[in-house]
Amino acid sequence: MRNKSNNKTMHGNAFDTHRRIFLKNGILCGMAGMLAGPTLPSLAAINTSKEHTKRRLRPVLDENWWLIGPAPKQGSHNIPVKMGEHGEIRPYESVDHHIFRAGDGYWHLWGCVRHTGWGRILYHWKARNLSDSPWEDTGEFIRANEAFGESINGWGNEEWIQSPFFVKANDLYYMFYGGHSTGRNGEGSPSRGKTRNDSFDTECQICIMTSPDGLHWSRHAYADGLSRAFTGPGEARDPCLIKIKGLWHLYYTGLEDGDPRKGGIFVRTSTDLLHWSAYELVHRAGQYGSNWWEIECPQVVYREGYFYLFRTRNYTEAITYVFRSDDPLDFGRNDESAKRKFVCQVPCAATEIYQVEGEEYVSSNHNPALGTQMCRLRWQSES
């Protein structure tokens, strides 16, 4: 973030803490993201026993997008630029993100910005109203911190921090994010990432920051001093959390055995948000994108008796697929079962879904060079 004085130490090129305003009331993220406030539970409980309420739906976007988080201006806020192969300046691009309303009455957006001279960072925008366009560029950003084991020996020696997702529980705020490379493979041997055959050898990680007030953040340090909640399989990234019958489910992208054809959506569960189960595959389908970079950005929501998985295949072509299941652990683990659960394709990318005062919205990064955009969302009955 901006170089503001505080009592926290800065390791190398990364800050351990940052100033941040967080959600206090007024938003439910797809019944899966956040529901916070002084008189509200930390997350809406999902009751799947009311079978008589089940209704098959499909999401429909109105596609009247408005820009909320424009990509930062190149070289602004002392962020270095990245040079291309022919000496050209690479434009910053906005990708995975999350939006919330803070106690100050503003809406806040934090998202991953790639192609900086450092690598990937998390960046902050805010606005008084959802419909404002564009939102205010605050200049605040967060970088990876190797002291906590983040982004070690990454691609091209770049640092990576990405894909934030936020929840509140037991009066404590949690930020889950991708901390990228651990610098080791699944067997614990040193590794530097992609190999020539496009496999991915390095185990990546999902990390945690916490805050008692949503303003001052610090990495959660486990017994080993690292911020990682868990690693792998493969390039673990893009967390999305939902609480189902008292159990937290964390969906994310991963890659098994370093095999580019074995990318998928995985889930781990927890009762305390800190200690997580072994991973379980919940979705893989080759006909919807078989390579690991074509199965990413999961968003899971619950609507009228069914769970819906949104997964992005391509950013710039705005391809996101939707799958429906009454089992949150199975959205189709092979071609045939995924085909039966397929609902539709929607024109967005890195999808995040929000319910606000009876209305629904979706945010997207289908034009990374432009920034993060938003439009309205409705659910259409299939019966």
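This text walks through unusual backbone geometry, aromatic pairs and charge-over-ring contacts. The model is predicted.

Start with the backbone. Two peptide bonds ahead of prolines are cis. One runs from S133 to P134, with omega near -10°. P134 sits in the loop that joins β9 (121–127) to β10 (136–142). The other runs from G232 to P233, and its omega is near 5°. P233 also has a loop position, between β15 (228–231) and β16 (237–244).

Next, look at phi. D257 is not a glycine, yet its phi is positive, about 60°. This residue belongs to the loop between β17 (247–255) and β18 (263–270). D257 has a relative accessible area of 67%. The cut-off for exposed is over 50%, so D257 counts as exposed. E304 is another residue other than glycine with a positive phi, here near 50°. Its loop lies between β20 (296–303) and β21 (306–314). E304 has 34% relative accessibility and therefore counts as partly exposed.

Now turn to the rings. The whole structure holds 21 aromatic pairs. One of them joins F100 and F166. Their centres are 5.2 Å apart, the planes meet at 70°, and the pair is edge-to-face. Planes over 60 degrees apart earn that label. The contact links distant parts of the chain: F100 is in strand β7 (residues 93–101), F166 is in strand β11 (residues 162–169), and 66 residues separate them. How accessible are these two rings' residues? F100 is buried at 0% relative accessibility. F166 is buried too, with a relative accessible area of 0%.

F323 and F342 make an edge-to-face pair as well, at 5.7 Å centre to centre and 70° between the planes. F323 lies in strand β22 (residues 319–325) and F342 in strand β23 (residues 342–346), 19 residues apart. Here the two partners part ways in accessibility. F323 is buried, at 0%, whereas F342 is partly exposed, at 27%. The cut-off for buried is under 20%, so F342 does not count as buried.

Some rings connect beyond a single pair. Which residues join into a cluster through ring pairs? They are Y174, F176, F230, Y252, F266, W276 and Y279.

Finally, consider charges over rings. R114 lies over the face of Y315, 5.6 Å from the ring centre. K126 places its charged end over the ring of Y106, at 4.8 Å from the centre. K126 can be inspected alongside the first cis bond, since β9 (121–127) leads into the loop that holds P134.

Technical notes. Residues numbered from 1 in each chain as written. Predicted model: local features only at pLDDT ≥ 70, side-chain atom pairs only at ≥ 80, totals over all residues. Heavy atoms only, no water. Helix = DSSP H or I, 4+ residues; strand = E, 2+ residues; numbered from the N terminus. Buried < 20%, exposed > 50% of the residue type's maximum accessible area, 1.4 Å probe, protein only. Phe/Tyr/Trp six-rings, centres within 6.5 Å; stacked < 30°, edge-to-face > 60°. Lys NZ or Arg CZ within 6 Å of the ring centre and 35° of its normal.
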